[in-house]
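User: Hi! I'm new to reading protein structures and would like to go through one step by step. Can we start with what the basic words mean?

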Amino acid sequence: MDYVGRIFRPPSEAPSLLLQVTIGCSHNRCVYCDMYRDKQFRPKPWAQIEADLIEAAAHGRRGIRSKRLFLCDGDALILSTRKLLQILDGIRKHLPWIERVGTYGDTRSVGRKSVEELTALREAGLGIVYHGMETGDEEVLELIDKGGTRPELIETAAKLRAAGLTHSVIVLLGIGGVALSEQHARGTAEALSEMDPPYVGALTTTIVPGTPLHDMAARGDFELPSKFRMLQELRTIVADSQLRACRFSSNHASNYLPLRGTLPGDKPAMLEMLDQVIARGDERLLKPEHLRGL
Ligand code: SF4
């Protein structure tokens, strides 16, 4: 398989076949993100993608088969619908055992597509869109240069639902800094309530050298909240979100406290655990720094 640079995928796509269809991220501006800073965004040529599919098919014939496939890199959904349909058709032709295709997508990529186009992608095999929303607060969205507005977040969720695509939303604890911590948590809970996605994953902000966020922190323009303050954000998001049926998790490697449950049913148990840990304020209850990952 042809992989250019570092390859990223959501934790739940760990067993999936990774097919790189774009290189980098077309936005590449979110202040905390260093995933694709070394890559100039470009779509991969179809000939290379098809060569990868043929290679994966040969592995599959020898019994090495994943049932799921993830389209890399950062926002493969930004590709034209025509190109995505060509890729999805190629997957069906060469890897007929693939049951679900996933991709990252956000307000920009979903916003450029109609519900009809998204439905056509779903019918061609696309199953799930992982959406790095990070925050539902307008001020924080602007601070982190996310490239979308809160109404666009709500619209994104509505379009994916109308197209029958599974929407998995990622939120980022601590990304409002100390100054906007409370506002970030409340705005995120409000946006999630309006979006009502079936999956939400919480990650924890890490300040990575070489990013604009690192520069902001060095200048004193951004201060990461304490570990327990970030758990308080998580508590606010869990407590305030009004979700009809959502698998909510904070078990990403970046988090200090892994939590998983279905909202609203597991809300009391999740809040009880958070309250106990926050009240004790004992860092030994949290994941040690050296075991955290990005
Ligand atoms: S859209 Fe995603 S991949 Fe692109 S810069 Fe932002 S966080 Fe990074």
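Analyst: Sure! A residue counts as buried when its relative accessible area is under 20%, and as exposed when that area is over 50%, with partly exposed in between. Keep in mind that this is a predicted model.

User: So is Cys 25 buried or exposed?
Analyst: Look at the relative accessibility of Cys 25, which is 14%. The cut-off for buried is under 20%. Because 14% falls on that side of the cut-off, Cys 25 counts as buried.

User: Which residues sit around the ligand?
Analyst: To make the list, a residue needs a heavy atom within 4 Å of the ligand. The residues that turn up are Cys 25, Asn 28, Arg 29, Cys 30, Tyr 32, Cys 33, Met 35, Tyr 36, Arg 108 and Lys 146.

User: How many of the residues in that shell are nonpolar, polar and charged?
Analyst: Cys, Tyr and Met go with the nonpolar class, while Arg and Lys are charged. Sorting the shell around the ligand that way gives six nonpolar, one polar and three charged residues.

User: I spotted cysteines there, so how many disulfides does the structure hold?
Analyst: The shell includes Cys 25, Cys 30 and Cys 33. For a disulfide, two cysteine sulfur atoms have to be within 2.5 Å. The number of disulfides in the structure is zero.

User: Arg 108 is in the shell too. Which residue does Arg 108 meet in a salt bridge?
Analyst: Arg 108 is buried, since its relative accessible area is 18%. Its salt-bridge partner is buried as well, at 11%. The N to O distance is 2.9 Å, and the partner is Asp 106.

User: How many residues apart are Arg 100 and Glu 13?
Analyst: These two form a salt bridge, with their closest N and O atoms 2.9 Å apart. Arg 100 belongs to strand 5 (residues 100-104), whereas Glu 13 is in the segment before strand 1 (17-20). Both residues are buried. Along the chain, they are 87 residues apart.

User: Which helices hold Glu 194 and Arg 150?
Analyst: Glu 194 and Arg 150 form a salt bridge, the closest N and O atoms being 3.5 Å apart. The pair links distant parts of the chain, 44 residues apart. Glu 194 is in helix 7 (residues 181-195) and Arg 150 is in helix 6 (residues 150-163).

User: And which residues are linked in a network of salt bridges?
Analyst: Searching the whole structure turns up 20 salt bridges. The linked residues are Glu 182, Arg 186, Arg 229 and Asp 240.

How values were computed: Residues are numbered from 1 along each chain as its sequence is written. This is a predicted model: local features need pLDDT of at least 70, side-chain atom pairs count only at pLDDT 80 or more; totals for chains, interfaces and linings use all residues. Side-chain values use heavy atoms; hydrogens and water are left out. Buried means under 20% relative accessible area, exposed over 50%, partly exposed in between (1.4 Å probe, protein chains only). A salt bridge is a side-chain nitrogen of Lys or Arg within 4 Å of a carboxyl oxygen of Asp or Glu. Helices (H or I, at least four residues) and strands (E, at least two) are DSSP runs, numbered from the N terminus.
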